[in-house]
Amino acid sequence: MKKYLAMVPLLAGAAFLASVGVSSAEAKYTIGVSNTVQGNGWREEMICAIKAQALASGEVTKLNIAHRNTDAAGQLEDIRNLISAKVNAIVVNPADPAGIKSALEEATKAGIVVVAVDQAVTEPSAYIISNNQEQYAYLGAKWLFQQIGGKGDVVYMRGAAGASADSDRDKGFKKALAEFPDVKVVHEVFTGWQQDQGKQQILDFIATGSPFNGIWTSGIDNVIVDALVESQTPLVPVVGADNAGFVGQLNSVEGLVGAAVTNPGSIGGAGVTLALQILNGKKPAEQTVLVEPQLWENATEEGKAKLKSVADPSLSPEWPVSISIPEWTTYTKDQIIACKGPGE
């Protein structure tokens with residue numbers, strides 16, 4: 001069973017196994033964190049949300065954070081190190097849902113609560129709280145295909161191969177594609193969710209001279225617009241995420257038509273809340289909780305007004321403007337920006 005939540009963002013205006021702690025009469029839990037992508041703005045916001053929520057909860061004595069660029073094998077090692085450290089819960093963003101199943105099973109057998117955020121895992125004992133990735137892609141792709149008149153060539157810029165979020169988004173993208181038989185994918189690449197890589201990939205494609213009518217991105221978006229502008233390529237509709245830089249571009253770049261689909265990195269903080277609820281004996285009725293995305297576009301006056309209302313130029317361009325998730329995060333904007341956990 002899955003529980004669905006509408007995404008209503010609350011807006012205002014890296015060491016391996018790094019440990020941070022605090023002395024408190026209330027704090028009683030140690031939470032481990034395993035993340036395999038470093039240097040990506042979305043993931044950095046996720047880590048900051050984890051730290052901020054752990055601090056705001058007053059229930060976390062220490063965070064053990066494994067935050068590095070690695071693969072499923074490396075993440076297996078990280079999770080087993082967290083098990084050895086006897087953490088009470090592990091919040092994990094999986095590199096490969098099946099590839100880390102054995103370690104998650106070991107954690108559960110050791111009495112550790114496992115919460116996967118952002119992406120699903122195959123270990124049935126794990127809890128999952130995630131943005132609805134299939135719907136994320138479907139909403140954006142359908143809007144894009146409609147925007148180009150239901151026919152034409154599009155560039156499909158995916159995330160990381162093997163990541164369950166990418167696989168789910170591919171399902172959503174292809175679901176929309178099936179509804180528009182006259183839309184063709186003229187170029188498909190994996191960006192690895194890396195800004196520099198994505199920008200170079202679109203520049204390389206532009207250099208081929210192949211025509212295209214629109215670009216769908218898996219959240220590597222503002223640098224794609226930068227590449228179009230810098231190369232003096234005629235602007236085409238672009239779909240991305242609710243990253244602050246892209247939202248700003250949708251409000252300011254003359255001639256740019258596009259849509260931002262919400263995908264809050266603050267899901268990391270929600271994962272901490274869910275883990276604490278379970279540790280305190282309040283298990284959810286469903287094993288999976290999905291946060292439903294919204295689409296904000298600048299092709300209509302209503303859409304333009306929405307984009308202006310959510311813009312936040314004070315945030316890093318790579319951070320989603322959806323810095324909080326109602327009912328799941330309780331930290332302030334200052335706390336998530338400070339990116340400090342208990343004891344830091």
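**Exercise 1. Which residue of β10 is the bridge partner of V154?**

Solution. The model is a predicted one, and we begin by finding the two strands concerned, which are β8, covering residues 152-158, and β10, covering residues 214-217. These strands pair in the parallel sense, and four bridges join them. Strands of a sheet pair through backbone hydrogen bonds, in either a parallel or an antiparallel way. The last step is to look for the partner of V154, and in β10 this is G214.

**Exercise 2. Describe the open sheet of six strands, and explain what is particular about β9 and β14.**

Solution. We first write down the order of the strands, which is β9-β8-β10-β11-β12-β14, and note that the pairing in this open sheet is mixed. Next we turn to the edges, where β9 (183-190) and β14 (295-297) stand; each has a single partner strand, and therefore one side of each is left without a neighbour in the sheet. Finally we consider the twist: when direction is ignored, neighbouring strands of this sheet are turned against each other by 20 degrees on average.

**Exercise 3. Describe how helix α4 packs against helix α5.**

Solution. Two packed helices are described by the angle between their axes and by the distance between those axes. For α4 (residues 133-147) and α5 (residues 164-178), the axes come within 7 Å and cross at roughly 35 degrees, and the crossing of α4 and α5 is right-handed. We then list residues that make the contact, among them Y136, Y138 and F145 of α4 and R169, F173 and L177 of α5. Sorted by class, the contact of α4 with α5 has nine nonpolar, two polar and six charged residues.

**Exercise 4. Carry out the same kind of description for α6 and α7.**

Solution. The axes of α6 (residues 195-207) and α7 (residues 222-230) come within 9 Å, crossing at roughly 35 degrees, and α6 passes α7 in a right-handed crossing. The contact includes I202, L203 and I206 on the α6 side, together with V223, I224 and L228 on the α7 side. The residues of this contact of α6 with α7 divide into seven nonpolar, three polar and three charged.

**Exercise 5. Where does the pLDDT fall below 50?**

Solution. We start from the protein chain, which averages a pLDDT of 92, with 92% of the residues scoring at least 70. The stretch with pLDDT below 50 is residues 6-25, which nevertheless has 64 contacts in the model beyond near neighbours in sequence.

Note on methods
Residues are numbered from 1 along each chain as its sequence is written. This is a predicted model: local features need pLDDT of at least 70, side-chain atom pairs count only at pLDDT 80 or more; totals for chains, interfaces and linings use all residues. Side-chain values use heavy atoms; hydrogens and water are left out. Axes are lines fitted to C-alpha atoms, for helices over the stretch in contact, and angles run from 0 to 180 degrees between N-to-C directions. A crossing is left-handed if the near helix is turned anticlockwise from the far one by less than a right angle, and right-handed if clockwise. Contact means heavy atoms within 4.5 Å. Ala, Val, Leu, Ile, Met, Phe, Trp, Tyr, Cys and Pro count as nonpolar, Asp, Glu, Lys and Arg as charged, and the others, Gly among them, as polar. Two strands pair if DSSP finds at least two bridges between them. pLDDT is the predictor's confidence in each residue, from 0 to 100.
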